[in-house]
Amino acid sequence: MPITVMTVMAVSSYRGTKQQIITEHQEEAAAVLLSNARLLQNRLNQIETELNETLLDPSLPHQELRNEMNSKRLVRQAFIIDSSNTFLYPLKEGEISERENDFIIEAEGMELASNLRARSSHSENRSIESHWYTWFMGDGINFISYRIEEGTVKGFLIERYALISQLINVLPVAQGTDESFRIQLTDARGDVLYQWGDYSVGETVEPLQEYSLKEPLGSWRLFYYHNPAINSETDLSAFSMIPVIALFTILMLLLAIYFYRENTREMRIARNQVSFVNQVSHELKTPLTNIRLYSELLQNLLTEPKEQAYLDVIVQEGSRLGRMINNVLTFSRGERGELKKNIEKTDINNLITETLNKFKPLLKEHAILYEFEEIELPLIETDRDMVEQILVNLIGNSIKYGRSGKYLGIRTEVDEKNCTILISDKGPGIGDSEKNNIFQPFYRIDNSLSQNSSGTGIGLSIARTLAVESGSILKLEKSTTGACFSLTIPIKEVNN
């Protein structure tokens, strides 16, 4: 899990850093495109100013006007249209060049004069000002710069390639040594008019940023292509984390091996201890049985209170020792898979009462108040001995660890399918962090109660194993005070 978390964090950090770098490149690209767009717009404004300063007087001889316009590299055709939308220059009659004639035919066909006047009428400033007008004619877009003076339209059809040449002259030089980017200026058809930067752009490469120019160049766009190879530093920084992750992985594996070996060693020692105790327990059962038998005989023969008190201690400790021996032997049989079931008709109420009677001396010794809420139960087919040993272990744990609460409660619940026995105390309870471990063999809660109480840590493990073997369910219930265990036994009704 730590290795996974560290790897996820590394990948997340790498992705975050990479995205941050991409965002920075996008912002930088947007700034670069905006800066170049302003260069183009400033040059266009200069061209507009130069055209406005050009004298376009209809009173001058046409040949003089023609010669003047021919000297302007940017001007393809000048024109003057009066308020009645009649061409004052060039004139249809008289000497007219083929280019002038083609322009008049094209202009009249598209109602150029009306379009120019309509466009300028939207302007809030009624003083003389220049405007731009664009339309497609021939092999591409055409630009017209014009102004209206006292109802007369004076304008220039711009030589497109001369305009493009003057505009791209303000852009950076096309040749260079920077392979991190390429910027392209395209026209309305998407054809590249100009580009700079040495990054080679393939057909499938998407631009990092794009920018649409303002009118009259509204159909032109600037594209910024970024070379992803410059992110190699980020990629290298991600790869540089691999040795760290590898080192951390090795460290975690070594720690895992160490803890596994320690845990295995402790389990092996515990099994050896249980094996030894198991062998000893078999040897102890016969003399212990004799001790308990003769102790009970003496209880019937001796009548002195002092003698009876001594015998009660012997019988009580003998019973406790017997329960410990039974636990060890049951655990050993469970480990070897030798547990055998003996299903019989069982009176649960009677079984609980008999089990409680075994603990009465111990309950009295610790001044523990016990309650058994008995309700009517059907006979249940189950392994009586297994259920009894589960109850013995649960009641014994409540007395051992929950005696500070001075209370032991046992109650039963029944429905159509199950009979449930609930055993609770008012002791310190079991913490949430311990709930998943208490049924593990040899596990003991690390607190003052467990340190002051003897035990092997197999009681609840045995109880869980016996519950599973008998077809029952043993679990720790939620409790606001102390600990509460429930044993749920399936009901199989028995006919008397």
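**Fold, surface and side-chain pairings in the predicted model**

The accessible surface of the chain comes to about 29000 Å², and 52% of that area belongs to carbon and sulfur atoms. The model behind these values is a predicted one. Of the 496 residues in the chain, 38% are buried. The secondary structure adds up to 12 helices and 16 strands. Contacts reach well along the sequence: taking those between residues at least 6 apart, 63% join residues at least 24 apart.

On the surface, one nonpolar patch is worth a look. It is formed by L251, L255, Y258 and F259, which together offer about 410 Å² of accessible area. Of these residues, Y258 can be placed in helix α7, the run covering residues 241–301. Y258 has a relative accessibility of 46% and so counts as partly exposed, since the partly exposed class lies between 20% and 50%.

Moving to strand β6 (residues 181–186), this is where Q184 sits. Its relative accessible area is 11%, which makes Q184 buried, because the buried class takes in whatever falls under 20%. Even so, the side chain of Q184 has a polar partner: a polar contact of 2.9 Å joins it to the side chain of Q195. Q195 is also one of the residues that Q184 touches once those up to four places away in sequence are set aside. The rest of that list is V192, Y194, R221, L222, F223 and Y225.

Salt bridges are next, and the count for the model is 11. Among them is the pairing of E354 with R384, whose side chains meet at 2.5 Å, N to O. E354 belongs to helix α9 (residues 348–365) and R384 to helix α10 (residues 384–402), so this pair ties together parts that are 30 residues apart in sequence. As for exposure, E354 is partly exposed at 33% relative accessibility, while R384 is buried at 18%.

Another of the salt bridges brings together the side chains of E149 and K154, at 3.1 Å from N to O. E149 is partly exposed, with a relative accessible area of 22%, whereas K154, at 13%, is buried. This pair does not stand alone: R147, E149 and K154 are linked in a network of salt bridges.

A further case is K72 with E68, where the side chains form a salt bridge at 3.9 Å, N to O. That value still counts, because the cut-off for a salt bridge is 4 Å. Here K72 is partly exposed, with a relative accessible area of 32%, and E68 is partly exposed as well, at 35%.

Finally, the cysteines. The disulfide count comes to zero, which means that no pair of cysteine sulfur atoms is counted within 2.5 Å. Two cysteines can be described by their burial. C419 has a relative accessible area of 0% and is buried. C484 is buried too, at 11% relative accessibility.

Definitions and conventions
Residues numbered from 1 in each chain as written. Predicted model: local features only at pLDDT ≥ 70, side-chain atom pairs only at ≥ 80, totals over all residues. Heavy atoms only, no water. Buried < 20%, exposed > 50% of the residue type's maximum accessible area, 1.4 Å probe, protein only. Patch = residues over 30% accessible without salt bridge, like charges linked within 9 Å, V, L, I, M, F, W, Y side chains within 5 Å. Areas by Shrake-Rupley, 256 points an atom, 1.4 Å probe, with all protein chains shown as cover. Helix = DSSP H or I, 4+ residues; strand = E, 2+ residues; numbered from the N terminus. Polar contact = N/O pair within 3.5 Å; in protein donor to acceptor, adjacent residues only side chain to side chain. Contact = heavy atoms within 4.5 Å.
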